[in-house]
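Me: Could you take a close look at one part of this protein for me, the disulfide and the strands around it? I'd like a connected walk-through rather than a list.

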Amino acid sequence: MTGTYTIDATAFDRFVTGNYALTLSFGACNFSLSSTSQSFSQAGGVGSVNVTAGGGCVWSASLFPASTNWITIDIPSGGVGSGSQSFTVSPNTNPAGRTAAVIVTGQRVNVYQSGTAPDCT
């Protein structure tokens, strides 16, 4: 964990020198997500994934691929401990569907969006 640590050493004899070692151990952070995929119509919308984590466990959210321009990760993008990450999917004006992912705590939430229906007139 980041922060400032102060170490006090006390010698019982002022002529005694020695080497000291410091070991810091922290519990591992385990994360779980409420879903691994979400689907949207061509109209788009808002999605959300719940993150379950221990207090003090820091997590973040990003897009894959990073160049994805039709999903916006809402602010704040990440948190500490359990929380929720929302994202917005823009309307799809193309006939073809599209796929990308929101990466939360290193885990993938696949985002699928259908395309517009073809005009069959």
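Reply: Here is the disulfide, followed by the strands and the core.

This is a predicted model, in which local features need pLDDT of at least 70 and side-chain atom pairs count only at pLDDT 80 or more, while totals for chains, interfaces and linings use all residues. Residues are numbered from 1 along each chain as its sequence is written, and side-chain values use heavy atoms, with hydrogens and water left out.

There's one disulfide in the structure, a disulfide being a pair of cysteine sulfur atoms within 2.5 Å. It links Cys 29 with Cys 57, at 2.2 Å from S to S. The angle about the S-S bond is -90°, which makes the link of Cys 29 and Cys 57 left-handed. Cys 29 sits in the segment before strand 1 (31–33) and Cys 57 in the loop between strand 3 and strand 4 (58–64), so the bond ties together parts 28 residues apart in sequence. Strands here are DSSP runs (E, at least two residues), numbered from the N terminus. As for accessibility, buried means under 20% relative accessible area, exposed over 50% and partly exposed in between, with a 1.4 Å probe and protein chains only. Cys 57 is buried at 6%, whereas Cys 29 is partly exposed at 37%.

Now the strands on either side of that loop. Strand 3 (residues 45–53) runs antiparallel to strand 7 (residues 83–89), with seven bridges between them; two strands pair if DSSP finds at least two bridges between them. Gly 47, for one, is bridged to Phe 87 of strand 7. Strand 7 also takes three antiparallel bridges from strand 5 (residues 71–73), and Thr 72 has Thr 88 as its bridge partner there.

Strand 4 belongs to an open, mixed sheet of five strands, ordered 2-9-8-4-6. Strand 2 (37–40) and strand 6 (78–80) are the edges with a single partner strand each, so one side of each has no neighbour in the sheet. Inside that order, strand 8 (residues 98–104) and strand 9 (residues 107–113) are antiparallel over seven bridges, with Ile 103 opposite Arg 108.

Phe 87 turns up again in the largest nonpolar core, which has 19 residues; Phe 87, Ile 71, Val 89, Val 102, Val 104 and Val 111 touch the most other members. Such a core is a set of buried Ala, Val, Leu, Ile, Met, Phe, Trp, Tyr and Cys residues joined through side-chain atoms within 4.5 Å. At least two core residues come from each of strand 3, strand 4, strand 5, strand 7, strand 8 and strand 9.

Conventions: Helix = DSSP H or I, 4+ residues; strand = E, 2+ residues; numbered from the N terminus.
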